[in-house]
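Student: I'd like a close look at one single part of this model, along with whatever it sits against. Pick a piece that ties its surroundings together and take me through it at bench level.

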Amino acid sequence: MKILSSIWFNASLEAHAFLGEDLLRRQRVLIEKTYLEEAEVWVACVDGAPVGFIGLLGAFIGGLFVDPSAQGQGIGRALVAHARARKGELSLEVYAENVRACAFYRRLGFSETERRVRDDNDLPHENIRMSLDASPTPR
């Protein structure tokens, strides 16, 4: 679990810097003690070492994180394809401020279904709900 929370933390420092390091450190404890235990987690490895993971809550992607040193190699795309093969239709929420992730999900065929102006911590960070139907993944 520690290696997955490390991947989560390092990726979050880049993708969610707007949340601040203190909040991310507090969230890391929840990731380790609750989230990773409750989710269906699939791990991507390179040369036997974990480099990314996807956490599913049913067909909802609770988190998709790839270590910054391994990003851009198709790992996130492969994890989403794996989840889609298992679950069919998928949904997720992403911070609007995480422009890179929003673009990534749109490239995979996700479309926006709704927005909310506050995040799960009731902070003023807009969240975008997105979904992907069960048809084959675009290449």
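Tutor: One bit of vocabulary before we dig in: two strands pair if DSSP finds at least two bridges between them. You're looking at a predicted model, where local features need pLDDT of at least 70, side-chain atom pairs count only at pLDDT 80 or more, and totals for chains, interfaces and linings use all residues. Residues are numbered from 1 along each chain as its sequence is written, and side-chain values use heavy atoms, with hydrogens and water left out.

My pick is β3, residues 60-66. (Strands are DSSP runs of E, at least two residues, helices are runs of H or I, at least four, and both are numbered from the N terminus.) β3 is a mostly covered strand, with five of its seven residues buried. Buried means under 20% relative accessible area, exposed means over 50%, and partly exposed is in between, using a 1.4 Å probe and protein chains only.

Let's place the strand first. β3 belongs to an open sheet of six strands, and the order across the sheet is β1-β2-β3-β4-β6-β5. The pairing in this sheet is mixed. At the edges are β1 (40-46) and β5 (111-116), each of which pairs on one side only. Averaged over the sheet, neighbouring strands are turned by 30° against each other, with direction ignored. (For angles like that, axes are lines fitted to C-alpha atoms, for helices over the stretch in contact, and the values run from 0 to 180 degrees between N-to-C directions.)

In that order, β3 has β2 on one side and β4 on the other. Take the β2 side. The two strands pair in the antiparallel sense over six bridges, and they make a hairpin with two residues between them. G58 is in that turn and has a positive phi of about 65°. To find a matched pair by eye, go to F53 and look across into β3: its bridge partner is F65.

The β4 side is put together in another way. Here β3 and β4 (90-95) run parallel to each other, paired over two bridges. I61 is bridged to L92 in β4, while F60 stands opposite S91 of that strand. S91 deserves a stop: this β4 residue is classed as buried because its relative accessible area is 15%. The contacts of S91 include F60 and I61 from β3, and A59, R129, M130 and S131 are also on its list, not counting residues up to four places away in sequence. (Contact means heavy atoms within 4.5 Å.) Of those, R129, M130 and S131 fall within β6, which spans 127-132.

Now for what packs over this part of the sheet. Helix α2 (residues 21-38) lies across β1, β2 (49-57) and β3, and it runs at about 70° to β2. A good residue to follow is Y35, which sits in this helix. With a relative accessible area of 14%, Y35 counts as buried. Leaving out residues up to four places away in sequence, Y35 touches G62 and G63, and also L30, F53, G55, L56 and L57. G55 is 20 residues along the chain from Y35, and their C-alpha atoms are separated by 8.4 Å.

F53, the partner of F65, turns up again when you move over to β1. W42 lies in that strand, and its contacts beyond four places in sequence include F53 together with G52, I54 and L56. The contact list of W42 also holds L79, H82 and R86. A83 is 41 residues from W42 in sequence, yet 8.4 Å away in space, C-alpha to C-alpha. W42 itself is partly exposed, because its relative accessible area is 29%.

Two loop residues are worth a look for their backbone. D47, found in the loop between β1 and β2, has a positive phi of about 55° although it is not a glycine. D47 counts as exposed because its relative accessibility is 82%. D122, in the loop between β5 and β6, also isn't a glycine but has a positive phi, about 60°. D122 is partly exposed, with a relative accessible area of 48%.

So when you go back to β3, keep both its partners in view: β2 pairs with it in the antiparallel sense, and β4 in the parallel sense.
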